[in-house]
Amino acid sequence: MADETLFELLHMEIVSHVYKSVEEDEEDHGRYTRILEGMGFRVGQGLIERLTKDSPALRDELEIMKFMCKDFWTVLFKKQIDNLRTNHQGTYVLQDNRFMLLTQISCNKQYLEEAPKFLPYTCGLIKGALSNLGINGTVSAEVPVMPTCK
């Protein structure tokens, strides 16, 4: 429990630090989003190396995505993804109904506008992990309702 709280606080401070000097310029917003994604990307690469070093090779995309939803997400957030959907054409939608990094700010609808700035780091984590597993793609996130994340 303590390590979860420490991770949440560290994440909030990282986001706060990166966004502190953001002006209302869209170009700056994109730059800071890339900084957070880059940080997450490197951590995701390292974490997936540790998780898969003694595991048998994952055979296909669906098996990799199931691994991400069960094992990878459990290591990061102490729970599995609530829902995995695919169109069987290379698009996967992962849904976490109580996303740990949003639960602290989810007490009010007013924070729905602030929620997207807490997602780029996690997108980077996923993208880095997938990259190390041989899948290059686009990772994006949205918050339909607090604290759900897709």
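# A walk through the model, starting at the hairpin

Start by selecting residues 83-86 and 92-95: these are strands E1 and E2, which pair in the antiparallel sense over four bridges. Keep in mind as you click around that this is a predicted model.

**Stop 1: the hairpin**

With both strands highlighted, pick Arg-85 and look across: Val-93 in E2 stands opposite. In a regular strand, side chains alternate between the two faces of the sheet.

Now follow the chain from E1 into E2. The two strands form a hairpin with five residues between them. Which residue in the turn has a positive phi? Select His-88: its phi is about 60°, although His-88 is not a glycine. Most residues other than glycine have a negative phi. His-88 sits in the loop between E1 and E2, and it counts as exposed because its relative accessibility is 70%, with the cut-off for exposed at over 50%.

**Stop 2: zoom out**

Switch to a cartoon of the whole protein. You'll find five helices and two strands, and from the N terminus they run α-α-α-β-β-α-α. There are 150 residues, and 35% of them count as buried. If you turn on a surface, you're looking at about 9400 Å² of exposed area, with 49% of it supplied by carbon and sulfur atoms.

How much of the contact map comes from residues 24 or more positions apart? Among contacts with a separation of 6 or more, such pairs account for 59%.

**Stop 3: just ahead of E1**

Back to the hairpin, then step towards the N terminus. Select Lys-78, in the loop between helix H3 (61-77) and E1. Here is another positive phi in a residue other than glycine, near 60°. Is Lys-78 buried, exposed or partly exposed? It is partly exposed, because its relative accessible area of 44% falls between the 20% and 50% cut-offs.

**Stop 4: along helix H2**

Next, select residues 26-52, which make up helix H2. Two residues on this helix are worth a click.

Take Thr-33 in H2. Thr-33 counts as buried because its relative accessibility is 16%, and buried means under 20%. Show its surroundings and, leaving aside neighbours within four places in sequence, you'll see contacts with Tyr-19 and Pro-120.

Then move along H2 to Met-39. At 34% relative accessibility, Met-39 counts as partly exposed. What does Met-39 touch beyond its neighbours within four places in sequence? Ile-14 and Tyr-121 are its contacts there. For a long jump in sequence, draw a distance from the C-alpha of Met-39 to that of Gly-128: the two residues are 89 apart along the chain, yet those atoms are separated by 9.5 Å.

**Stop 5: a pocket**

Select Tyr-92, Leu-94, Thr-138, Val-139 and Ser-140. About 580 Å³ of space lies in the largest pocket, and of the 28 residues that line this pocket, those five are the closest to its centre. Colour by element and you'll see that H3, E2 and H5 each supply at least two lining residues. Which of the elements gives the most? That would be H5, with five residues. Colour by residue class instead, and the lining of this pocket splits into 15 nonpolar, eight polar and five charged residues.

**Stop 6: a cavity**

Rolling a probe the size of a water molecule over the atoms shows where empty space is left. In this model, a search of the whole structure finds one cavity of 30 Å³ or more, with a volume of about 30 Å³. To get there, select Glu-8, His-11, Met-12, Met-100, Leu-101 and Gln-104, which line the cavity. Helix H1 (2-19) and helix H4 (100-103) are the elements that give two or more residues to that lining. The largest share, three residues, comes from H1. By class, the cavity lining divides into three nonpolar, two polar and one charged.

**Last stop: the far end of the chain**

Finish in the segment after helix H5 (120-132), where Pro-147 lies. Is the peptide bond from Met-146 to Pro-147 cis or trans? Check omega: the value is near -10°, and the bond is cis. Most peptide bonds are trans.

How values were computed: Residues numbered from 1 in each chain as written. Predicted model: local features only at pLDDT ≥ 70, side-chain atom pairs only at ≥ 80, totals over all residues. Heavy atoms only, no water. Buried < 20%, exposed > 50% of the residue type's maximum accessible area, 1.4 Å probe, protein only. Contact = heavy atoms within 4.5 Å. Areas by Shrake-Rupley, 256 points an atom, 1.4 Å probe, with all protein chains shown as cover. Pairing = 2+ DSSP bridges. 1 Å grid on protein atoms, 1.4 Å probe; cavity = no way out; pocket = protein on both sides within 12 Å on 5 of 7 lines; lining within 4 Å. Points joined across faces, edges and corners; volume = space filled by probe spheres on them. Nonpolar A, V, L, I, M, F, W, Y, C, P; charged D, E, K, R; others polar.
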